[in-house]
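Hi,

Here is the structure I promised to pass on. Have a look first, and then read my notes below.

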There are 2 protein chains.
Amino acid sequence: MKTKRIVIIGAGFGGLRAAQKLAGADMQVTLIDRRNYHLFQPLLYQVATAGLSADEIAYPLRAIFRAQKNLEFLLAEVSGVDFEAKTVLTDRGLQPYDALIIAAGAAVNFFGNASLERNALTLKDVGDAVALRNHVLGMFELASNEMDPERRRALLTFVVVGGGPTGVESAGAFAELIRLVLGKDYPRMNIEDVRVILLEAAGRLLNGFPEKLQQNARQSLEKKHVEVRLETKVGGYDGSLLTLADGTTIPARTLLWSAGVRVAGLMDRLGIEQARLGRAVVTPELHLANHAEVYVIGDAAYLEDRGTALPMMAPVAVQQADVAVRNILAGEAGQKQQAFVYRDPGSLATIGRNAAVARIGRWQFTGFMAWMVWLVIHLVGLIGFRNRLIVLINWAWDYFFYDRAVRLITKE
Amino acid sequence: MKTKRIVIIGAGFGGLRAAQKLAGADMQVTLIDRRNYHLFQPLLYQVATAGLSADEIAYPLRAIFRAQKNLEFLLAEVSGVDFEAKTVLTDRGLQPYDALIIAAGAAVNFFGNASLERNALTLKDVGDAVALRNHVLGMFELASNEMDPERRRALLTFVVVGGGPTGVESAGAFAELIRLVLGKDYPRMNIEDVRVILLEAAGRLLNGFPEKLQQNARQSLEKKHVEVRLETKVGGYDGSLLTLADGTTIPARTLLWSAGVRVAGLMDRLGIEQARLGRAVVTPELHLANHAEVYVIGDAAYLEDRGTALPMMAPVAVQQADVAVRNILAGEAGQKQQAFVYRDPGSLATIGRNAAVARIGRWQFTGFMAWMVWLVIHLVGLIGFRNRLIVLINWAWDYFFYDRAVRLITKE
């Protein structure tokens with residue numbers, strides 16, 4: 001019998017896990033990604049806030065799969081899938097498959113607001129993070145010899161939109177970068193001129209967290225001088241003036257948009273049934289209803305758990321990767337497939353030094369305890385001993401010396 | 001009496017040293033650079049060869065000068081100097097001075113060859129190094145599924161032009177990256193398809209080194225499978241075909257040009273007397289003959305030592321910074337200025353693992369001893385304990401595990 005070919009699209013948390021789970025299987029695996037590295041996205045905001053450098057949270061895919069003899073990596077952009085011919089179309093040729101796992105992930109969602117799309121900064125990729133770091137440090141350089149007080153205020157007003165974990169963590173990290181580090185770099189600058197504003201359209205931060213933790217996160221942010229504004233919607237942004245939905249304006253040269261995601265563009269081109277945010281509707285066994293050999297996992301997949309859509313989070317992607325691979329192997333062996341059941345590991349968000357909120361099962365933590373939990377979980381999540389060691393050194397250094405190493409404005 | 005204003009242009013080895021030497025002086029110092037960091041350029045080729053990340057060899061200038069109360073940093077591009085009005089012109093306003101130190105450094109010199117300027121890669125800045133790394137790793141990705149053997153050979157032919165320390169160190173580092181690391185990343189690729197070629201127009205490598213070391217360097221490179229071709233001049237390069245001066249051609253998609261430098265563009269716009277490679281002619285006291293308050297140091301300055309021009313190397317710049325500052329302070333105190341005398345600390349170049357050549361005073365080392373000398377000198381030269389620690393960890397890791405951490409193709 002001919003060896004079956006499995007193609008995996010995307011090397012995020014879901015695709016990576018699926019590829020690793022197929023180690024040793026009697027199948028020829030092709031993993032396709034448009035980047036040559038796996039990115040540990042939960043720490044991307046620390047690249048943007050000058051705490052880590054990109055290579056510490058990115059790991060070359062070929063290095064990860066050196067020992068996995070049945071896997072081939074292809075650096076390519078996927079343009080579509082021919083479900084009838086069972087072929088993936090890429091900018092580097094066709095890839096036929098017997099089974100396909102689509103783990104294409106998510107992209108930023110501006111909800112059609114063109115002014116935001118043009119002028120807001122985002123935080124989805126290494127390039128975004130470095131651009132955001134360069135931009136924020138550049139604002140300080142410009143402010144350092146700006147004589148006009150109004151223009152200086154606009155240069156030093158940093159708006160983060162979106163009260164989810166990325167928004168909360170970014171706002172906290174920017175506040176600390178500014179108060180603890182840049183304040184010393186620019187001794188002539190009045191630190192009270194600097195504002196970090198976190199806007200959230202809903203009535204609370206960290207939707208989905210227990211209410212006690214939501215309130216704790218808000219208090220922690222405010223203690224770090226972040227202005228938290230709930231029930232505040234953005235109207236438009238021209239790069240220097242933010243207009244809220246109620247018409248009021250905030251002069252600000254920096255706006256980080258972390259208020260929405262939707263599936264990667266590829267998903268819209270597949271001609272399959274899509275649910276909210278463009279996610280592909282899958283069966284409980286995680287495949288398409290009319291293409292049993294095509295699995296969709298992670299952010300790209302739409303599945304409900306007790307009436308609500310599964311969140312677009314790494315644990316869902318990883319657990320679905322396991323089930324998808326198990327179902328593919330079961331199908332090969334003529335066994336029964338299993339339905340996906342989500343085991344919620346909890347929720348975590350850090351606000352900064354000694355401050356985080358965590359729910360693990362029924363336990364809730366705040367403050368230093370939650371922060372330690374956050375540290376350990378994120379350190380363990382990194383790939384490679386060297387990355388863990390160097391990130392740990394960087395964190396310890398920053399903690400004890402109130403420093404950030406990567407305060408570089410790079411032009412590449 | 002009014003506090004004197006000193007402006008320093010450039011924060012390379014010379015400008016940085018001058019600024020630090022002025023700590024505690026009763027003068028207002030302004031340090032201008034178009035980057036916000038000091039770059040440890042001798043290790044830049046390790047960024048290009050995926051061994052180090054940029055932040056490990058770059059250090060934020062504001063962090064270096066936090067404690068130096070009499071210094072202000074200005075991130076700006078200098079467009080010219082008005083010597084009559086004693087004012088430096090920048091894209092962020094005018095900077096008046098009582099004394100000026102020009103330490104503008106060097107840029108790549110293509111000797112007017114437009115095809116090289118358009119198509120060759122260079123290694124002068126962080127951006128160059130990252131672009132070179134992305135390019136070389138990209139060639140391997142393209143080669144990995146290129147079926148045409150001729151096109152594959154061109155993708156896998158890496159030409160380095162210039163047998164000075166940068167060319168020798170780059171060629172050695174690329175050969176090791178390919179043989180020791182990428183060979184394992186691309187198990188299906190025939191490593192014998194890969195060529196690293198080092199071209200040098202003169203009849204020897206490492207001009208200025210003792211002959212025994214020149215020969216040793218050549219042998220070490222050849223042992224690492226670098227093809228060394230002496231007395232070979234480049235004619236033109238169109239991005240995929242290299243034409244030598246004698247008309248022979250080499251298909252190669254990568255050409256690193258490290259065969260020439262000249263002063264930074266600013267020097268040509270100052271209207272001052274220039275010598276070979278555009279360097280400003282200075283008095284033995286290091287100032288301009290007709291502007292005693294304008295000092296020029298390092299690569300930007302032309303001064304002879306026993307009949308030959310001082311080399312464009314960090315030790316010259318650092319020693320000249322000391323003398324320039326001493327002469328400025330002596331002039332203020334009405335004391336006699338001193339003439340610059342170069343103390344040659346020796347020469348060093350590494351070829352790779354356990355292989356380097358070194359001359360220190362009258363002693364000459366090769367092999368492991370020279371390599372250890374090289375390691376210690378470069379580690380000590382880095383700024384900041386954290387950078388030293390992390391570079392040391394990276395070197396140790398790469399040495400013991402034959403690895404390179406930063407094999408990332410980043411698009412920013």
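To start with the chain contacts: how many residues of chain B are in contact with chain A? There are 35 of them, and they meet 35 residues of chain A. Before you go further, please keep in mind that this is a predicted model.

**Where the chains meet**

On chain B, the side that touches chain A takes at least two residues from each of these elements: strand 4 (58-60), helix 3 (61-64), helix 5 (126-144), helix 7 (165-185) and helix 11 (385-401). Helix 5 of chain B gives the most, with six residues. If you sort the residues on that side of chain B by type, you get 18 nonpolar, six polar and 11 charged.

How do the two copies relate to each other? A turn of 180° with a shift of 0.0 Å along the axis lays chain B on chain A, with an RMSD of 0.0 Å. The copies are therefore related as by a two-fold rotation axis. The interface fits in with this: 100% of the interface residues of chain B are also interface residues in chain A, so the copies meet through the same surface.

**Two residues to click on**

Try Asn36(A) first, in the loop between strand 2 (27-33) and strand 3 (37-39) of chain A. Is Asn36(A) buried or exposed? Asn36(A) has 23 other C-beta atoms within 10 Å, and 20 or more make a residue buried, so Asn36(A) counts as buried. Leaving out neighbours within four places in sequence, Asn36(A) is in contact with Pro60(A), Leu61(A), Arg62(A) and Leu75(A), and also with Leu137(B), Glu141(B), Leu408(B) and Ile409(B) from chain B. As for Ala76(A), this residue is 40 residues from Asn36(A) in sequence, with 9.1 Å between their C-alpha atoms.

Then go to Val136(B), which sits in helix 5 of chain B. Val136(B) is buried too, with 23 other C-beta atoms within 10 Å. Setting aside residues up to four places away in sequence, Val136(B) touches Phe158(B) and Thr254(B). Asp26(B) is 110 residues from Val136(B) along the chain, and their C-alpha atoms are separated by 50 Å.

**Inside chain A**

Chain A is divided into domain 1 (4-34 + 76-108 + 262-332) and domain 2 (114-257 + 346-401). The C-alpha centres of these two domains of chain A lie 32 Å apart.

Helix 1 (residues 13-21) of chain A is worth a look. Seven of its nine residues are buried, so helix 1 of chain A is largely enclosed by the rest of the structure. The buried ones are Phe13(A), Gly14(A), Gly15(A), Leu16(A), Arg17(A), Ala18(A) and Ala19(A). They pack against several elements of chain A, including strand 1 (4-9), strand 5 (71-75), strand 9 (99-102) and helix 9 (314-332).

Chain A also has an open sheet of three strands, in the order 6-7-8, with antiparallel pairing. Which strands stand at the edges? They are strand 6 (78-82) and strand 8 (93-96) of chain A; each has a single partner strand, so one side of each is left without a neighbour in the sheet. On average, neighbouring strands in this sheet are turned by 20° against each other, direction ignored. Strand 6 and strand 7 (residues 87-90) of chain A pair over four bridges. To find your way there, start from Val81(A), whose bridge partner in strand 7 of chain A is Val88(A).

Cheers

How values were computed:
Residues are numbered from 1 along each chain as its sequence is written. Chains are lettered from A and ligands numbered from 1 in the order in which they are written. This is a predicted model: local features need pLDDT of at least 70, side-chain atom pairs count only at pLDDT 80 or more; totals for chains, interfaces and linings use all residues. Two residues are in contact if their C-beta atoms, placed from the backbone, lie within 7 Å. Ala, Val, Leu, Ile, Met, Phe, Trp, Tyr, Cys and Pro count as nonpolar, Asp, Glu, Lys and Arg as charged, and the others, Gly among them, as polar. A residue is buried if 20 or more other C-beta atoms lie within 10 Å of its own, exposed if 12 or fewer, and partly exposed in between; C-beta atoms are placed from the backbone. Two strands pair if DSSP finds at least two bridges between them. Axes are lines fitted to C-alpha atoms, for helices over the stretch in contact, and angles run from 0 to 180 degrees between N-to-C directions. Copies are superposed by least squares on the C-alpha atoms of residues with pLDDT of at least 70 in both. Domain bounds come from an automatic or database domain assignment.
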